[in-house]
Each structure stands twice: as structure tokens, then as C-alpha cells.
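Visitor: I have a structure to look at. Could you take me through it in short steps?

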Amino acid sequence: MSETSHKGQPNIIFILADDYGWNDIGYHSSIIRTPNLDRLANDGVKLENYYVQPICSPSRGQLMTGRYQIRYGMQHSVLMNDRPHGLPLDEVTLPQVLKKCGYSTHIIGKWHLGFFKKEYLPLQRGFDTFFGFLGGGEDYWTHRIPNEKVGTPEEYRALDLRDQFSAVLDQNGTYSTHLYTNRSLEIIHRHKMNKPMFLYLPFQAVHAPLEAPEEYINQYNHIKSNNMAIYAAVATAMDEAVGNITRALKESGLWENSVLFFSTDNGASKSGSNWPLRGFKNTLWEGGVRGVGFVSSPLLKSKGTTSDALIHISDWFPTIVRLAGGSNIGTKPLDGYDVWDTISEGKASPRTEILHNINPLIRQVNSNSVMFQDHNIFDTSIRAAIRSGDWKLITGKPGNADWLVKSSIRKTFEKSTDSGAKQLWLFNIRSDPQERRDLSGEYPEIVHRLLQRLAEYNKTAVPPYWPDPDPRSNPALHGDVIGPWL
């Protein structure tokens, strides 16, 4: 590709934090200091009505495909190291499309979209280079995970760190955030200016276990809780990494033609904070699905703004493909929308609805469910949620419904007063983002309409694919290294 033909194609930098909560970023009045993220967001567009999935693999799958997880059987849980499953091979991925547009494609960090066969690895799904880990989490220093296939997992840890296809054996003791940052800097500095770049950086941070270098922990000596201080340190180390990467982009001359996307993959666990939102990671409450996100770039027409336009993680696929000058022809039907004009120019979002999920494998146990008047439209014992305009409907068993407030002194939980058997809620998210007032009894016609929408989506869903664990996955059978076994 010539220098001239690349000028209209920006470099795409996509940074994905792991389990990063709504109240864990500085500009949301957090106790955590994130000056680099704050600066990028303040210079770009903050996305304050932005949604992700409540857990890891589904968010990553929707980012990579632009399609809801019900389309390919990933609506239940995350991908597990010992089960033979992954993002189906007939799904077209974002890096595959970008490669056709002439991009170099790199992933540095966490994959978590399947590895039981070699065909599911990142290098087979459109990436030119891969440096990182395949599973859901591991030790930040040793890059090993407990092996659940042995009697004493605390005494046996399997390595999950690869450079291309090969296991990396010489980085024990290197903190993962620093490790991935250094590799990112190498990619940036050796990148050829006459070719556009897609750099996908899904950090391990701030996922458990809570581990950080002492110099970051010491910045939070004023926080009484040791775990809270370490969590803040993990976030601050990530913030510093983003600053170093942005600086390298500017020093290399790439920044002027780059678009940086920042997103979490889901809400925080109880280690972090989603305040003032309700719920946590792995729940359908706003704390699980409303995500920290922003876009920063010299190419934005309107900078230094805040957007309340409805945007979903599946929208990044068509948005990025449009920026790259590519086409969605050849992909399966997308659920995502091109939202670049919404972000860059402040135009109305083309999106008016989000299917948060339908998971028939998780149900509310309630013998009275069939008595609900619209149960025949959609089984309200099923865990599901949909957003339509300002309205959000939740059914079934959405997960921990508490609120968590953090200060430098303590964590304070505000417990939900909902009945354990309750299985249907309706909220106006615009006026009640904390989901405190259930309006299902006051607006039965809206409940009816949204249950119909869930039923329509459910008709198009493929069954959840949740295979049994495979004993052949035991890393002890494969050189003590996590990787393909079939």
C-alpha cells in the first residue's frame, strides 16, 4: 500500500481494561488517580451512555464480531480453560476485515475467545502478531494459573503466556502491565508509516488477583483497606501504561492519524466500584453492563465533549471498519451500528435498543412465574434484559443487586430490599440510573412491548453452547503450558 493510499486510513488503538468499574476512573470522582486516562478523555469524547456485556468473553466476542452473543451460543458464562469451546470459526472477526483493508494487526494481552484447537488462536483469527495469554486470568508476575485438574492447585501452576505460538519462559517476575506496555512500545516504534495499524491492547488489569508493584501501592497509603489500596495501584499502573503508549504514538508521528478507543469489558467486581450504579460484574444491573468508555483522537471534529448517546460494544466493529475504509460485505448480519458521526460530530445515535442478554441456563426458581400475565410471551424466569429508549426491562435472576460505595476509609454496601423470588423489573434509566424504582406495575404496556422484543430476539438465538469439561485439557499433559489440546 502506498503512502498516499494510507492517508485516509487512521491507526486504530483499542485499549480494553478488564473488570474496570464505573467509579474506578478519575473523571467519575474516583478515589483512584488516573491522570492519563482523564487527559485523553477530556481531550476526546466521554461516553456516558455506553454499554458492554456483564462478563468477559461475551464482551470480547461482540467487539470482535459486531454481533450479539445469542447469535453464536456464547450467552452463558465465560469461556473456560477446560471446556472445548470458543468463538465459532465461521464468525468473521474485526482484524480479519482490517487485514483486507491493508492494516497490520496486533493483539497484546488477554484473548479469552477460545484455544482448545489451534484454529481458535488469535493468529488464526486475523492477527499478525500475538503476545499475551489465552485464558481468563492469571498471576500478574508469574503468568501462571492454578491447575484445577490436580488435587492441590495451589502447588501447581500452569504457564499462560505466548509470543506468537510459542510459550514465553523468561518473563517470570515481570509485571504483566509493564510487559504488555513494553511490547506495545516495540510495535509502535517499529511500525512503518506507510501502513495503517490496528493495535488491540486488552490489559490484564484490573482483573483479580490483586497484585501491583510496591511503588504504586505506596501511592495509596492513605487508604485504610489493603485490598482497596492494591486495587487502586493496579488501576494507576494501567493508567501510567496508557500514558506511555500515547506518548510513544506522539513521538513516532503516528498520533495525528490515530483513533484511540478505551473501554472496559464489564463492570467491576466487589474489588472495584460501580457507584452510583447498582450491581457488579456478572449481573444485568447497570453496574454490570454500563461501561467506562471514551474516544480520543485528533481526527474528532468535536473534542472535549461528553456524549449521552446510546452506544454498545458491538458498535465498534462497523464503526472501525468504516474508519478503515472497509466493508461489512461478507460478514454475518451485524447487531452493531456505525456510531462515528455520533461520537465525532454529536449526531443522534442510530441505536435505540440494546439486547443485554438472554441466558436460558440461568433461571429464577419461582413456582408462581407462570402466573405472570405475560409469561406466555416470554418466560420471565429466564435471566434476560433489554434496553429500549430510556426503558430497561430485566427478567429472571439478574445477579447481586446491591450498591457499593467506596471511600478512602471503607467500603459500604447498601443491600437490595427486593424479594428473592422477584423476577421482573422495569426502570426508566434516564431518570433512574441507579435502578431504585421498579415501574413494572405502573407501565404494563411497556412491559408487554419489551417482553415481545425479548421473545423476538429469542426466536433468532442459537442454543447456548456449554460443553462438558475435557480431562485432556489438563496442562500437565501438555508441558505445563496452557494451550490447544485437540
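The questions below go from a sheet and its helix to the cores and then to one threonine.

Visitor: What is the order of the strands in the open sheet of 4 strands?
Guide: Keep in mind that this is a predicted model. The pairing in this sheet is antiparallel. Strand 15 and strand 20 are the edge strands, since each pairs on one side only. The twist averages 10 degrees from one strand to the next. The order is 15-16-17-20.

Visitor: How many bridges join strand 15 to strand 16?
Guide: These two strands run antiparallel. Asn-357 stands opposite Ala-385 in strand 16. The number of bridges joining strand 15 to strand 16 is 7.

Visitor: What angle does the direction of helix 11 make with that of strand 17?
Guide: Helix 11 packs on the sheet and touches strand 15, strand 16, strand 17 and strand 20. Its buried residues, including Ile-446, Leu-450 and Leu-454, pack against these strands. The angle with strand 17 is about 65 degrees.

Visitor: How far apart are the end C-alpha atoms of helix 11?
Guide: Helix 11 covers residues 444-460, which makes 17 residues. At 1.5 Å a residue, the helix should span 24 Å. The model agrees with that, because the end C-alpha atoms are 25 Å apart.

Visitor: Which helix gives the most to the largest nonpolar core?
Guide: This core has 58 residues. Tyr-20, Tyr-180, Phe-203, Phe-262 and Phe-294 touch the most other members. Several elements give two or more residues, among them strand 1, helix 5 and strand 11. The top giver, with 15 residues, is helix 7.

Visitor: How many residues are in the other core?
Guide: This core lies apart from the largest one. Its members include Leu-16, Leu-79, Trp-316 and Ile-320. The count is 50 residues.

Visitor: Is Thr-283 buried or exposed?
Guide: Thr-283 is in the loop between strand 11 and helix 8. Buried means under 20% relative accessible area. Thr-283 has 2% relative accessibility, so it counts as buried.

Visitor: Which residue has its backbone nitrogen reached by the side chain of Thr-283?
Guide: Start with its contacts further along the sequence. Not counting residues up to four places away, Thr-283 touches several residues, including Pro-54, Arg-383 and Asn-400. Its side chain also reaches a backbone nitrogen at 3.4 Å. That nitrogen belongs to Trp-285.

Terms used: Residues are numbered from 1 along each chain as its sequence is written. This is a predicted model: local features need pLDDT of at least 70, side-chain atom pairs count only at pLDDT 80 or more; totals for chains, interfaces and linings use all residues. Side-chain values use heavy atoms; hydrogens and water are left out. Buried means under 20% relative accessible area, exposed over 50%, partly exposed in between (1.4 Å probe, protein chains only). A polar contact is a pair of N or O atoms within 3.5 Å; within protein, one must be able to donate a hydrogen and the other to accept it, and residues adjacent in sequence count only if both atoms are side-chain atoms. Contact means heavy atoms within 4.5 Å. The expected span of a helix is 1.5 Å times one less than its number of residues. Two strands pair if DSSP finds at least two bridges between them. Axes are lines fitted to C-alpha atoms, for helices over the stretch in contact, and angles run from 0 to 180 degrees between N-to-C directions. A nonpolar core is a set of buried Ala, Val, Leu, Ile, Met, Phe, Trp, Tyr and Cys residues joined through side-chain atoms within 4.5 Å.
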